[in-house]
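Here are a few exercises on empty space and a bound ligand. Have a go at each one in the viewer before reading the solution.

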Amino acid sequence: MREELSRLVSDLKDTLAAERDLPTGAHFLTPRGEPRRPKASDTLSRIGAAVMVCARCRLSRTRCNAVPGEGNPESPLLIVGEAPGAEEDRQGRPFVGKAGDLLTKMLKAIHVEREEIFIGNALKCRPPQNRDPAADELAECRRYLMMQIAAIRPKVILTLGRVSTQLLLQTSQGVLSLRGMQRPFPYHDGEAVLLPSLHPAYLLRNPAAKRDVWEDLKTVHRLLREATGDYPPPLE
Ligand code: URA
């Protein structure tokens, strides 16, 4: 309960801080002066623009390109990786290297195409030499991810690996044990569920773990169909 409460407070602080940082106002009024929820695609474009010029941490000095994330602004599924690698930094797009190829194949196995969903990262800029993200870098960058979640309002969030799982659940528990619980965590005020899984880069080094991830993918498929009724198409 205490953990849940402190996570809620911290999410709220991040969202408010992030909205202050947007280059233009995030909220519009209806002709009657009532607040109107902006279109997810507009909000995501604003967040992307803020990420592109972000200089909140040292990674802004070594990146080639910031990588805000990409995909369907109204996706029922949000995938969150760790941070851009060399290829992502070069192209400004998430998961376009070897780990990305594997992720694309994993998604196809549950009849999900990349373009249909949204793919992002815990950190929007590449740590030099792919070192682990530092705590202060993650703390600065979390606001963008929280804003993306608020804009997309996904039904299912799949975190890949330790970094994104710990950042979103605000825990120091290891991803292997969190994943092993085999149950999704309620997230974003109960609007979404979060399922921790293993990172595709880990799977490239430990192919035996693919069996566990296949179970997670089937769970994602089931949760999505429960939430949407008809997406993705059924597994044979
Ligand atoms: N690994 C990640 O976690 N994210 C990417 O975008 C690429 C590789």
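**Exercise 1.** Which helix gives the largest share of the lining of the largest cavity?

*Solution.* Keep in mind that this is a predicted model. Start with the count: there are 2 cavities of 30 Å³ or more. Next, pick the largest cavity, which holds about 110 Å³ of space. It has 15 lining residues, and Cys54, Cys57, Cys125, Cys141 and Tyr144 are the ones closest to its centre. Now sort the lining by element: helix 5 (residues 135–152) comes out on top with 4 residues. By class, you get 9 nonpolar, 1 polar and 5 charged residues in that lining.

**Exercise 2.** Find which residues line the second largest cavity, and which elements supply at least two of them.

*Solution.* First, the volume of the second largest cavity is about 50 Å³. Its walls are made by Leu178, Arg179, Gln182, Arg183, Leu195, Pro196, Asp216 and Thr219. Map those onto the secondary structure, and helix 7, strand 8 (192–197) and helix 9 (210–228) each turn up with at least two. Sorted by class, the lining has 3 nonpolar, 2 polar and 3 charged residues.

**Exercise 3.** Describe the pocket where the ligand sits.

*Solution.* The ligand is in the largest pocket, whose volume is about 680 Å³. Go to the centre of this pocket: out of 28 lining residues, Glu82, His199, Ala201, Tyr202 and Arg205 lie nearest to it. Then look at the elements giving two or more lining residues, namely helix 3 (86–91), helix 4 (98–109), helix 6 (162–169), helix 7 (175–180) and helix 8 (200–205). Helix 8 has the largest share, with 4 residues. The class tally for the lining is 13 nonpolar, 7 polar and 8 charged.

**Exercise 4.** Work out which residues surround the ligand and what polar atoms lie 3.1 Å, 2.9 Å and 2.8 Å from its own atoms.

*Solution.* Begin with the shell: Gly81, Glu82, Ala83, Glu88, Pro94, Phe95, Asn121 and His199. That splits into 3 nonpolar, 3 polar and 2 charged residues. Now go through the polar atoms. A polar backbone atom of Ala83 is 3.1 Å from a ligand nitrogen. Over at Phe95, a polar backbone atom is 2.9 Å from a ligand oxygen. Asn121 uses its side chain instead, with a polar atom 2.8 Å from a nitrogen of the ligand. As a last step, check the ligand's surface: on its own it exposes 240 Å², and the protein buries 91% of that.

Methods
Residues are numbered from 1 along each chain as its sequence is written. This is a predicted model: local features need pLDDT of at least 70, side-chain atom pairs count only at pLDDT 80 or more; totals for chains, interfaces and linings use all residues. Side-chain values use heavy atoms; hydrogens and water are left out. A residue is near a molecule or strand if one of its heavy atoms lies within 4 Å of it. A polar contact is a pair of N or O atoms within 3.5 Å; within protein, one must be able to donate a hydrogen and the other to accept it, and residues adjacent in sequence count only if both atoms are side-chain atoms. Accessible areas come from the Shrake-Rupley method with a 1.4 Å probe; for residues, only the protein chains shown count as cover. On a 1 Å grid over the protein atoms alone, a cavity is a set of points where a 1.4 Å probe fits but cannot get out, and a pocket is an open set with protein on both sides within 12 Å along at least five of seven lines; lining residues have an atom within 4 Å of a point. A molecule sits in a cavity or pocket if more than half of its atoms lie within 2 Å of its grid points. Ala, Val, Leu, Ile, Met, Phe, Trp, Tyr, Cys and Pro count as nonpolar, Asp, Glu, Lys and Arg as charged, and the others, Gly among them, as polar. Grid points are joined across faces, edges and corners, and a volume is the space filled by probe spheres set on the points.
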